[in-house]
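These are my notebook entries on a protein–DNA model. I record what I looked up and what I found, entry by entry.

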Number of protein chains: 2
Amino acid sequence: MTRDTEGEAAPTDRDLTRLLQTLTVESDRYAERFGARHGLHRTDANALALILAAARRGEPMSPSVLARELGLSPSATTALIDRLEAVGHVERERSAGDRRRVALTVPEAGLEEGRQMFIPLAQAFAASWEGFGAAEREVVARFLEVSTEAMRAVSAEWEPPHGAQRRR
Amino acid sequence: MTRDTEGEAAPTDRDLTRLLQTLTVESDRYAERFGARHGLHRTDANALALILAAARRGEPMSPSVLARELGLSPSATTALIDRLEAVGHVERERSAGDRRRVALTVPEAGLEEGRQMFIPLAQAFAASWEGFGAAEREVVARFLEVSTEAMRAVSAEWEPPHGAQRRR
DNA sequence: TCTACTGTTTCGATCATCGAATTATCCGCC
DNA sequence: GGCGGATAATTCGATGATCGAAACAGTAGA
């Protein structure tokens, strides 16, 4: 809005920062509405996304890892998993090797349903990115990576929210 | 991590979606830690950012607009402003023209402090974007804009969380 | 002036999250 | 082979952000 898309002047750092901030705020709203639509909350939606992502990579997700990724306390994570389990989106399964651990699995039925949840957004993204060629995608990917890393670096300087001592 | 940065293969839609999701989760964490650092919460930080952005544009911010932007109920917004006002980050000022309206202003002192809050991130971003040329920035800006719009479009299809009837 | 409408606030209730304490399990050591 | 410290997850009570509904203040139009 403030920027003229086809203007010749290159976006300044401030322009990009602002765009990024707009995007993250919108993402917040998205998670919020998404949750309202599916009986979840922002955190639940984020958690589900992380669990599904882990499942897709073939790795099991554990409550403690989830807590760390979400920046949530262990107790809050337990409550979170309780909620997700109550509606059948995840299942607890005690790990065979180490019986203290709990592996969070996604039931077959729920897995497909879960994917369906994220498809509309994926499709909208794909459609909006149609005009981007290989080189441009490369640029965008690099941008997203370094920006994420920058945020991580800055926030890592501040003491982590919970007891979570040193994490490297 | 899953992607090879200098690989010749162009990032697929899924790659980009994943990167975007990683970024937004990281942004969530950032807001969380940022809040913990400054005695605010995620929503408060987002709200402060929006108020400062409006102030920078010279426009006044009102509770109702803020509520809409954040996807928050009016009552929650009042409580939010109460919190921000209590720590001196914003001030309420009834609009002269229409005395129902409340203009949210940022006290001179708090304004500079507020800016200081966001500077570290802005600097980290700027540093991480040094290698991006004009054309690349143009690409990135376009990407961020269309992606934000895509999210907005998808979530707009779902009924808004609150009473917020038809908007647009 | 009366009425409809808009912007903001108050009130009581709900529920996500927190910190501290608890249970169960694993691992190293004597 | 059992003991003690560490780790994973959970339970419990408390706090507080958010909600919905209703009240309040102010504006605009008949």
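**Surface near strand D**

I began with the DNA and asked which helices each supply at least two residues of the surface near DNA strand D. I found α3 (63-70) and α4 (74-86) of chain A, together with α4 (74-86) of chain B. I note here that the model is predicted.

I then looked up the residues themselves. DNA strand D is surrounded by 25 residues, and the closest are Ser64(A), Ser75(A), Ser73(B), Ser75(B) and Ala76(B). The largest share of this surface comes from α4(B), with 5 residues. By character, the surface near DNA strand D divides into 9 nonpolar, 9 polar and 7 charged residues.

**Surface near strand C**

I repeated the search for the other strand. Around DNA strand C there are 25 residues, of which Ser73(A), Ser75(A), Ala76(A), Ser64(B) and Ser75(B) come nearest. At least two residues each of the surface near DNA strand C come from α4 of chain A and from α3 (63-70) and α4 of chain B. Here α4(A) gives the most, with 5 residues. I sorted the surface near DNA strand C by character and obtained 9 nonpolar, 9 polar and 7 charged residues.

**Helix α4 of chain A**

I next examined α4(A) by itself. It has 13 residues, and from first C-alpha to last it reaches 18 Å, close to the 18 Å expected at 1.5 Å a residue.

Which residues of α4(A) are buried? I found Thr77(A), Leu80(A), Ile81(A) and Leu84(A). They cover an arc of only 95° around the axis, which puts them on the same side of α4(A). I recalled the general rule: an α-helix has 3.6 residues a turn, so residues three or four places apart point the same way.

I then checked what this buried side packs against. The partners of the buried residues of α4(A) are α2 (42-56), α3, β1 (91-94) and β2 (102-105) of chain A. On the face turned away from the buried side, α4(A) carries the exposed residues Ser75(A), Asp82(A) and Ala86(A). I noted Ser75(A) again, since it is among the residues that come nearest to DNA strand C and among the closest to DNA strand D. After α4(A) comes Gly88(A), whose phi is positive, near 80°.

**Chain A as a whole**

I placed the helix in its chain. Chain A has 6 helices and 2 strands, and along the sequence I read the pattern α-α-α-α-β-β-α-α. Of its 168 residues, 34% count as buried. I also looked at contacts in chain A between residues at least 6 apart in sequence: 37% of them join residues at least 24 apart.

**Contact between the chains**

Finally I turned to the two protein chains. I superposed chain B on chain A with a rotation of 180° and 0.0 Å of shift along its axis, at an RMSD of 0.1 Å. That is the relation of a two-fold axis.

The contact takes 60 residues from chain A and 60 residues from chain B. On the side of chain B that touches chain A, α1 (13-38), α2 (42-56), α5 (108-128) and α6 (134-157) of chain B each supply at least two residues. I sorted that side of chain B into 32 nonpolar, 12 polar and 16 charged residues. I also compared the two sides: 100% of the interface residues of chain B are also interface residues in chain A, so the copies meet through the same surface.

Technical notes
Residues are numbered from 1 along each chain as its sequence is written. Chains are lettered from A and ligands numbered from 1 in the order in which they are written. This is a predicted model: local features need pLDDT of at least 70, side-chain atom pairs count only at pLDDT 80 or more; totals for chains, interfaces and linings use all residues. Two residues are in contact if their C-beta atoms, placed from the backbone, lie within 7 Å. Helices (H or I, at least four residues) and strands (E, at least two) are DSSP runs, numbered from the N terminus. Ala, Val, Leu, Ile, Met, Phe, Trp, Tyr, Cys and Pro count as nonpolar, Asp, Glu, Lys and Arg as charged, and the others, Gly among them, as polar. A residue is near a molecule or strand if its C-beta atom, placed from the backbone, lies within 6 Å of it. The expected span of a helix is 1.5 Å times one less than its number of residues. A residue is buried if 20 or more other C-beta atoms lie within 10 Å of its own, exposed if 12 or fewer, and partly exposed in between; C-beta atoms are placed from the backbone. The arc is that of the directions from the helix axis to the C-beta atoms. Copies are superposed by least squares on the C-alpha atoms of residues with pLDDT of at least 70 in both.
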